[in-house]
Amino acid sequence: MKNDLSRRGFIKTTAMASLGIGLLGPQGKFSESLVSTQQRKRVGIIGLDTSHSVAFTKALNAVDADPRFRNYKVVAAVAQGSKDIPSAISRVPKYVEEVSAAGVEIVGTIAELLKKVDVVLLESNDGRVHLEQATPVIKAGKTLFIDKPIAASYQDAQQIFQLARQYKVPVFSSSSLRFMEKVKEVKAGSIGAVYGAETFSPATLEPTHPDFYWYGIHGIETLFALMGTGCENVTRFHTPDVDLVVGKWKDGRVGTFRGIRKGKHDFGGMVFGEKGNITLGQFKGYDALLEEIVAFFDTGISPVSAAETLEICAFIEAADESKRQHGKTITLINA
């Protein structure tokens with residue numbers, strides 16, 4: 001009997017050792033593919049009417065996902081984004097197919113989604129639905145990233161942040177352009193104090209949104225990333241092909257945004273600093289933003305303050321008012 005027990009113990013020990021060897025990689029470390037699959041943190045997506053949803057899913061759910069993405073994985077998504085913008089609605093079937101192929105479960109409601117996930121990416125292309133979609137997420141206590149634009153009005157954006165404070169839920173919103181490599185270098189002090197900046201981006205218009213909430217927000221986000229808060233007033237020069245928006249900061253600095261609707265659609269700018277001037281260079285994709293998002297999911301600390309996001313909204317609305325008043329200089333809300 002004793003010998004039989006010893007044999008069983010030997011078999012059990014050998015089996016456990018074999019399992020351990022199976023988990024080990026070539027350098028004797030645990031296999032990242034097996035361990036990370038067990039530990040991956042669950043992400044939910046709201047809105048499959050934007051290419052961002054597909055890009056984020058493919059990056060997070062890749063078998064060899066970048067370690068910068070901290071083992072987050074998209075596990076469920078709600079397809080509904082915009083309710084009435086044809087260009088957004090038409091994308092949904094294709095993006096549902098692509099996201100499903102990456103192992104994501106498509107669910108029918110936000111309530112259903114919230115039962116399956118730890119954190120949420122609100123990706124709906126339509127800023128008008130963001131307050132409605134963000135509210136149940138915040139009330140459920142789920143840390144939330146809201147893709148640009150945070151909303152389609154200053155008032156809605158303000159309500160989102162008020163809800164976030166009330167329920168003590170971290171909320172962060174940004175364009176990916178904020179995290180261009182050269183922008184990060186400038187913010188880290190590469191040219192010393194920033195004395196001014198000129199940024200540009202496409203600024204296609206969508207009738208359902210105030211002009212720059214739809215696409216021009218990319219270049220405006222970049223401008224604020226470089227200049228910081230404190231914009232006092234805005235003057236906008238508008239033609240069918242281009243917008244030029246000049247912002248004056250309270251400390252006397254001037255920043256400008258050029259919104260492009262004719263010619264090559266591109267992103268970039270120039271920054272003028274204490275130690276020299278620098279060209280921003282090209283936009284290289286969404287990974288830099290995604291890295292910031294997952295760090296935010298882990299820490300609950302936003303890389304962009306609510307005050308700055310709200311000032312961006314105020315800048316956009318002042319620019320629209322300047323357009324309505326044929327180029328009159330308009331003071332920002334709460335400036």
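This is a short tour of one structure, with selections to make in your viewer. The model is predicted.

**Stop 1: helix α3**

Select residues 51–61, which form α3. Is this helix mostly covered or not? It is mostly covered, with eight of its eleven residues buried. Now show side chains for the buried set: His52, Ser53, Val54, Phe56, Thr57, Ala59, Leu60 and Asn61.

Next, bring up what lies over them. The cover includes three strands from the earlier part of the list and beyond: β1 (41–46), β2 (72–78) and β4 (119–122). Strand β5 (143–147) is also among the covering elements. Add two helices, α5 (92–101) and α12 (287–299), which are included in the cover as well.

**Stop 2: serine 174**

Move to strand β6, residues 171–174, and pick Ser174. Its relative accessible area is 0%, so Ser174 counts as buried.

Which residues does Ser174 touch, leaving aside neighbours within four places in sequence? Select Phe145, Ile146, Asp147 and Lys148, which are among its contacts. Then add Phe179, Glu221, Leu289 and Val304 to complete the set. Draw a distance from Ser174 to Ile146, C-alpha to C-alpha: it should read 7.3 Å. In sequence, these two residues are 28 apart.

Keep Glu221 displayed. It is a contact of Ser174, and it also lines the cavity at the next stop.

**Stop 3: the cavity**

How many cavities of 30 Å³ or more are there? The count is one. The largest cavity has a volume of about 50 Å³. To see its walls, select Pro149, Ile150, Ser173, Ile217, Glu221, Thr309, Ile312 and Cys313. Helices α11 (217–227) and α13 (306–324) each give two or more residues to this lining. The largest share, three residues, comes from α13.

Colour the lining by residue class. Five residues are nonpolar, two are polar and one is charged.

**Stop 4: the cysteines**

Stay on Cys313, one of the lining residues. Its relative accessibility is 3%, under the 20% cut-off, so Cys313 is buried. Now jump to Cys231. It is buried too, because its relative accessible area is 2%.

How many disulfides does the structure hold? Zero. A disulfide would be a covalent bond between the sulfur atoms of two cysteines.

Methods:
Residues numbered from 1 in each chain as written. Predicted model: local features only at pLDDT ≥ 70, side-chain atom pairs only at ≥ 80, totals over all residues. Heavy atoms only, no water. Buried < 20%, exposed > 50% of the residue type's maximum accessible area, 1.4 Å probe, protein only. Helix = DSSP H or I, 4+ residues; strand = E, 2+ residues; numbered from the N terminus. Contact = heavy atoms within 4.5 Å. 1 Å grid on protein atoms, 1.4 Å probe; cavity = no way out; pocket = protein on both sides within 12 Å on 5 of 7 lines; lining within 4 Å. Points joined across faces, edges and corners; volume = space filled by probe spheres on them. Nonpolar A, V, L, I, M, F, W, Y, C, P; charged D, E, K, R; others polar. Disulfide = S-S within 2.5 Å.
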